[in-house]
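Trainee: I should be grateful for a close look at one part of this model. Please begin with the paired charges and then describe their surroundings.

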Amino acid sequence: PRSAPSLLEQTRGFAGWRSRGPMQSQSSFAPYPMVPFGVKRSGSFRDAKKSARKAAERARRAQEEKGMLLDPKKQLRMELKRNSGIGWYRATQIVKHLEMHIRGKGPPIDQGMRERITQIARVVRMGK
């Protein structure tokens, strides 16, 4: 004896690869807009991109003067990399010092944990 088909099976669409409604994304960042090739090559567009990169760098450095940038969305390691002087290798070393998973979100960031991570970063920068 077969059970009656569920409501989910009855409303299933036939064209499986087409999505219904707006596109879903895993990323927390907005997608880049499509820019024509001729515009990308123009000097004014390239200068605008260059000045935007430098402005973002200045803003990040200004934020960093208050303390280490630690606001992990998905991985603590990626957030550590935003700090100057910490690349992917040093960020991994800091995560290992914290004895956590390399892809983990990390511990809750309070003032004590922030100071501990800053101290570990100083040690790692010295090459320990």
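How many salt bridges does the count come to, and which residues are linked in a network of salt bridges?

Mentor: This is a predicted model, in which local features need pLDDT of at least 70 and side-chain atom pairs count only at pLDDT 80 or more, while totals for chains, interfaces and linings use all residues. Residues are numbered from 1 along each chain as its sequence is written, and side-chain values use heavy atoms, with hydrogens and water left out.

The count comes to four salt bridges (a side-chain nitrogen of Lys or Arg within 4 Å of a carboxyl oxygen of Asp or Glu). The network links Glu-57, Arg-60, Arg-61 and Glu-64. In one of its pairs, the side chains of Arg-61 and Glu-57 form a salt bridge with an N to O distance of 3.0 Å. Both residues belong to helix H3, where four residues, about one turn of the helix, separate them (helices are DSSP runs of H or I with at least four residues, strands are runs of E with at least two, and both are numbered from the N terminus). Arg-61 is partly exposed because its relative accessible area is 40%, and Glu-57 is partly exposed because its value is 31% (buried means under 20%, exposed over 50%, and partly exposed in between, with a 1.4 Å probe and protein chains only).

A second pair in this network joins Glu-64 to Arg-60, with 3.2 Å from N to O. These two residues are about one helical turn apart because four residues separate them in helix H3. Both Glu-64 and Arg-60 are buried.

Away from this network, Arg-82 forms a salt bridge with Glu-79, and their closest N and O atoms are 2.8 Å apart. Arg-82 counts as partly exposed because its relative accessibility is 34%, whereas Glu-79 is buried because its relative accessible area is 7%.

Helix H3 also takes part in a positive surface patch, which is formed by Lys-40, Arg-41, Arg-46, Lys-49, Lys-50, Arg-53, Lys-54 and Arg-58. Two elements, helix H2 (37-41) and helix H3 (43-65), each give two or more residues to this patch. H3 gives the most, with six residues. Patch residues have over 30% relative accessible area and no salt bridge, and like charges are joined within 9 Å. Lys and Arg count as positive, and the charge is placed at NZ of Lys or CZ of Arg. Arg-41 has its place in helix H2 and is exposed because its relative accessible area is 57%.

These helices belong to a protein chain with six helices and zero strands, and its pattern along the sequence reads α-α-α-α-α-α. Of its 128 residues, 20% count as buried. Among contacts (heavy atoms within 4.5 Å) with a separation of 6 or more, 46% are between residues 24 or more positions apart.

One residue with contacts across the sequence is Gly-104, found in the loop between helix H5 (88-97) and helix H6 (111-125). Gly-104 counts as buried because its relative accessibility is 18%. With neighbours within four places in sequence left aside, Gly-104 is in contact with Lys-74, Gln-75 and Leu-76. Gly-104 and Gln-75 are 29 residues apart along the chain, and their C-alpha atoms are separated by 5.5 Å.

Key: Patches are made of residues with over 30% relative accessible area and no salt bridge: like charges are joined within 9 Å, nonpolar side chains (Val, Leu, Ile, Met, Phe, Trp, Tyr) within 5 Å. Accessible areas come from the Shrake-Rupley method with a 1.4 Å probe; for residues, only the protein chains shown count as cover.
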